[in-house]
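Work through the exercises below with the sequence and the structure side by side, and try each task before you read its solution.

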Amino acid sequence: MNTTMVAIMLATSIIIGLLGLIAFVWGLKNGQFDDEKKMMQGVLFDSPEDLQHAANTKPNKKDTK
């Protein structure tokens, strides 16, 4: 009976893994992970004041010790 349960669990995990792999490959082929403009859009719309504020609030390595 134990070997039957192990076989069922193994088959189920392989099927779920294959479904995840298929979904990932589908996403790659359809460009779901292409986000090349995201970082540039953030840089284009940040004002100098926002960038200065971010630089000032960033913790220094000296302060974290």
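**Exercise 1.** Find how much accessible surface the chain has, and what share of the residues counts as buried.

*Solution.* Begin with the surface of this predicted model: the accessible area comes to about 6500 Å², and 66% of that area belongs to carbon and sulfur atoms. Then turn to burial, where the cut-off is under 20% relative accessible area; of the 65 residues of the chain, 2% count as buried.

**Exercise 2.** List the helices and strands of the chain, and check the span of α1.

*Solution.* Counting elements gives three helices and zero strands, in the order α-α-α from the N terminus on. Next, take α1, which covers residues 2–29: with 28 residues at 1.5 Å a residue it should span 40 Å, and because its end C-alpha atoms lie 41 Å apart, the expectation and the model agree. Finally, look just past this helix, where α1 is followed by G31 with a positive phi, near 75°.

**Exercise 3.** Which residues form a nonpolar patch on the surface?

*Solution.* The patch consists of L10, I14, I15, L18, L19, L21, I22, F24, V25, L28 and F33, which together have about 1100 Å² of accessible area. One of these residues, L21, has its place in helix α1.

**Exercise 4.** Where in the chain is confidence highest, and where is it lowest?

*Solution.* Start from the whole chain, which averages a pLDDT of 82, with 74% of the residues scoring at least 70. Then compare the elements: confidence is highest in α1, at a mean of 96, and lowest in helix α2 (residues 38–45), at 67. Where pLDDT is low, the predicted coordinates should not be read in detail.

How values were computed
Residues numbered from 1 in each chain as written. Predicted model: local features only at pLDDT ≥ 70, side-chain atom pairs only at ≥ 80, totals over all residues. Heavy atoms only, no water. Patch = residues over 30% accessible without salt bridge, like charges linked within 9 Å, V, L, I, M, F, W, Y side chains within 5 Å. Areas by Shrake-Rupley, 256 points an atom, 1.4 Å probe, with all protein chains shown as cover. Salt bridge = Lys/Arg side-chain N within 4 Å of Asp/Glu carboxyl O. Helix = DSSP H or I, 4+ residues; strand = E, 2+ residues; numbered from the N terminus. Buried < 20%, exposed > 50% of the residue type's maximum accessible area, 1.4 Å probe, protein only. Expected span 1.5 Å × (residues − 1). pLDDT = per-residue confidence, 0-100.
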